[in-house]
2 protein chains.
Amino acid sequence: MVRRAASDNGEPRPTTIRDVAAHAGVSVATVSRILSGNYPSAPATRTRVLRAVRELDYVANAHARGLAGASSRSVAIIVNSVVSPHYAHVAQGVQTQAAVEGKLCIVGTTGGDAERELATVQLMRQEHAECVILVGNVVADDAYRERMVEYARALALAGSRLVLCGRPTLGPDVPALVVEYDNTGGAHAITSHLLSAGHRRILFLGRRDGYSTQESRIAGYRKALADHHVPHDPGLEVEGTMERGEGYRMIRERLAAGPRDFTAVFAGNDLIAAGARQALREHGLRVPDDISLVGFDDLPPAADIDLTTVHVPHEELGRTAVRMALQRARDKSGAPEHVMLGTHIVIRDSVRPLIHADPPAR
Amino acid sequence: MVRRAASDNGEPRPTTIRDVAAHAGVSVATVSRILSGNYPSAPATRTRVLRAVRELDYVANAHARGLAGASSRSVAIIVNSVVSPHYAHVAQGVQTQAAVEGKLCIVGTTGGDAERELATVQLMRQEHAECVILVGNVVADDAYRERMVEYARALALAGSRLVLCGRPTLGPDVPALVVEYDNTGGAHAITSHLLSAGHRRILFLGRRDGYSTQESRIAGYRKALADHHVPHDPGLEVEGTMERGEGYRMIRERLAAGPRDFTAVFAGNDLIAAGARQALREHGLRVPDDISLVGFDDLPPAADIDLTTVHVPHEELGRTAVRMALQRARDKSGAPEHVMLGTHIVIRDSVRPLIHADPPAR
DNA sequence: GCGGTGCGTGTAACCGTTTACTGTCGGCTA
DNA sequence: TAGCCGACAGTAAACGGTTACACGCACCGC
């Protein structure tokens with residue numbers, strides 16, 4: 001069947017590689033090769049083809065390319081939410097590196113729901129993204145883990161690499177790359193900072209179970225206490241989710257329940273710290289004069305409220321994830337499988353040395 | 001050529017629709033129809049096919065689908081940056097609505113650069129996204145506008161709809177949908193709020209030229225002054241970009257330049273307001289006791305600093321953009337082309353009535 | 001008993017690329 | 001001058017779906 005020329009019927013359609021080939025008087029293979037770049041071609045032909053591309057305003061169809069070619073030229077990122085600064089910064093890193101490598105960036109959100117996360121991974125599987133970057137924690141029961149392992153295998157089979165970004169591995173024999181950051185070290189450092197300032201009763205606000213980043217942070221907190229020979233009081237670890245409102249609630253309830261038995265607060269992230277700060281202020285306690293407060297993440301609220309916190313290299317995390325995955329696609333053997341990025345504390349103005357011992361009530 | 005079965009050679013590959021068809025003992029057409037949903041099919045066949053899909057862990061190849069089918073099932077959003085709360089919230093809305101409609105979400109970032117924006121639109125054109133949502137302002141020279149119009153036509157030709165989200169239209173005969181929000185009304189309302197509290201000398205912090213949202217906001221500010229018969233002093237309009245640091249800088253420089261000649265500050269957005277607030281505080285001026293301050297956007301920093309501001313329905317903006325575009329894809333005639341979303345002021349604690357007239361120095 | 005109807009399914013063309021395999025041609029070597 | 005080689009370019013077979021068209025068959029009314 002003869003192919004329609006762009007002008008021979010009423011309905012216009014986007015120009016295809018065949019139109020370009022015809023216009024330049026060459027075959028489609030030649031056009032394809034010249035556009036792909038790295039094939040030998042006569043300068044004259046090359047010029048003719050490029051001129052045809054320009055004159056016809058041709059852009060290649062990504063679906064056809066993805067179908068025929070080996071690679072989809074796209075990178076997928078799956079996060080809890082796009083508005084949460086933590087994820088947004090990682091996503092920014094992913095997007096940046098994707099652009100550098102000439103890849104498209106696809107995003108999916110889960111709202112923290114394990115079921116939606118699994119569904120989104122399937123979606124990305126359909127898409128044959130070159131890599132699927134999973135960011136953030138979900139509470140993982142065994143059924144979830146099992147299905148995720150199955151999906152990880154399927155992804156590997158389809159040629160895309162799964163990258164776990166700041167979350168626990170799936171197991172030794174599951175094909176996945178891991179890029180994480182030093183939660184324990186950061187928590188240790190900032191707890192030590194408080195301890196060095198004389199604080200002994202430090203309230204920890206966050207999650208204890210199921211969320212690996214929080215578990216690591218609390219581990220760092222405990223280890224710092226131990227290293228400084230300060231007895232560990234489980235009663236100082238308060239449980240709450242990672243939102244601003246929860247920080248507010250935790251402090252409110254704690255202060256309502258009895259006399260204050262702590263001189264410093266270590267919030268599991270900056271959002272919680274912001275909420276906690278508000279509750280403290282409403283209770284007449286000013287940071288840092290009356291009480292010291294630190295957070296974790298070094299994200300927007302932190303600078304605004306002069307919070308001493310732990311800096312997490314969020315964008316670098318995203319960039320590294322993409323880089324690792326694509327590097328591994330090129331060179332199966334030489335590329336790293338596991339990267340740990342460092343963290344460091346950022347000192348602002350939310351900690352004061354403890355002058356005289358504030359005797360704990362409890 | 002006979003098609004390989006999944007097991008007949010060493011290299012495994014993802015299962016295709018043919019594998020499913022073979023496994024279920026039907027033709028590929030039947031599988032495709034059953035999976036697409038809306039075709040009549042015998043219950044027995046249907047069950048067999050679905051079981052085969054499950055047993056073989058089949059997922060359709062999105063590229064093949066996009067190539068063969070009419071629609072790409074994807075939605076594209078192009079923003080300045082993913083970390084900026086304004087864009088992040090719009091993106092969240094887009095993502096949410098895309099998920100509801102079963103579409104994939106592709107994101108591109110421009111960093112505010114017109115050239116990158118154009119390149120990103122081309123990228124989305126390759127992708128044949130069902131709609132391309134452009135958010136945010138760029139300074140538009142004529143060359144830019146001309147190329148964008150050309151791209152808009154090309155997008156329309158390829159069957160995807162361009163949506164301009166909170167940015168000026170491209171012209172009457174350019175195929176594009178527009179969804180915007182009431183900047184002028186919001187600025188008018190919040191300026192009136194200050195005026196009603198007795199303020200007469202209100203410093204405006206923001207951009208005057210080239211950025212349509214800021215231009216609309218300043219127009220609302222001026223109109224409110226006029227409506228309240230307050231003389232307009234161009235000297236009270238301070239020029240700066242939309243970052244936090246700029247708010248800080250503008251206030252610093254203003255206060256350093258001479259005696260304070262204003263009793264309230266209207267910041268072009270909340271970020272600027274946060275920066276301004278810090279500069280004011282460092283200058284010994286407390287908000288709201290010594291000076292009133294309002295912002296625009298109602299984004300995260302606003303609640304933290306108790307800022308009275310204008311609420312912009314960011315997520316709704318994103319959702320509406322997707323909904324409009326897809327609705328229009330279904331029904332070319334009946335769908336709206338232009339939507340204006342309302343804004344309203346949110347009163348917190350950053351404005352105080354002016355008790356006695358603070359005589360302007362200038 | 002026969003054409004009509006409609007449901008359910010199969011056949012195969014097509015979507016727009018990439019790329020393995022062939023072919024051509026000019027120039028160089030022996 | 002024959003033979004070979006390398007540089008370019010063309011032919012056509014994939015890639016994995018969707019869907020127009022054709023077809024078989026059960027059931028209907030006459």
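Helices (H or I, at least four residues) and strands (E, at least two) are here DSSP runs, numbered from the N terminus. The model described with these elements is a predicted one, in which local features need pLDDT of at least 70 and side-chain atom pairs count only at pLDDT 80 or more, while totals for chains, interfaces and linings use all residues. Residues are numbered from 1 along each chain as its sequence is written, chains are lettered from A and ligands numbered from 1 in the order in which they are written, and side-chain values use heavy atoms, with hydrogens and water left out.

Confidence is expressed as pLDDT, the predictor's score for each residue from 0 to 100. For chain A the average pLDDT is 90, and 94% of the residues score at least 70. Residues 1–10 of chain A have a pLDDT below 50, and beyond near neighbours in sequence this stretch has five contacts in the model, a contact being heavy atoms within 4.5 Å. The pLDDT is also below 50 over residues 358–362 of chain A, a stretch with nine contacts beyond near neighbours in sequence. Where pLDDT is low, the predicted coordinates should not be read in detail.

An automatic or database domain assignment supplies the domain bounds. Chain A is divided into domain 1 (1–58), domain 2 (72–181 + 314–341) and domain 3 (183–308). Between the C-alpha centres of domain 1 of chain A and domain 3 of chain A there is a separation of 63 Å.

The relation between the two protein chains comes next. A turn of 180° with a shift of 0.1 Å along the axis lays chain A on chain B with an RMSD of 0.1 Å, and the two copies are thus related as by a two-fold rotation axis. The same surface serves both copies, since 100% of the contact residues of chain A recur in chain B. Superposition of copies is by least squares on the C-alpha atoms of residues with pLDDT of at least 70 in both.

Turning to the DNA, a residue is near a strand if one of its heavy atoms lies within 4 Å of it. Around DNA strand C there are 27 residues, of which Ile17(A), Ser32(A), Ala68(A), Thr30(B) and Thr45(B) come nearest. The surface near DNA strand C receives at least two residues from each of α1 (17–24), α2 and α4 of chain A and from each of α2 and α4 of chain B. By residue type, this surface near DNA strand C divides into 14 nonpolar, eight polar and five charged residues; Ala, Val, Leu, Ile, Met, Phe, Trp, Tyr, Cys and Pro count as nonpolar, Asp, Glu, Lys and Arg as charged, and the others, Gly among them, as polar. Sugar or phosphate holds 61% of the atoms of DNA strand C within 4 Å of the protein, and the rest belong to bases.

Individual polar contacts (pairs of N or O atoms within 3.5 Å; within protein, one must be able to donate a hydrogen and the other to accept it, and residues adjacent in sequence count only if both atoms are side-chain atoms) add detail to this picture. A side-chain N or O atom of Thr45(B) is 2.2 Å from a phosphate oxygen of DNA strand C, and a polar backbone atom of Ser27(B) is 2.8 Å from a phosphate oxygen of this strand. A base oxygen of DNA strand C lies 3.4 Å from a backbone N or O atom of Ala68(B).

For DNA strand D, the 27 surrounding residues include Thr30(A), Arg33(A), Thr45(A), Ile17(B) and Ser32(B), which come nearest. Of the atoms of DNA strand D that come within 4 Å of the protein, sugar and phosphate account for 62%. A polar side-chain atom of Arg33(A) is placed 2.7 Å from a base nitrogen of DNA strand D, whereas the side chain of Ser32(B) brings an N or O atom to 2.3 Å from a phosphate oxygen of the strand.
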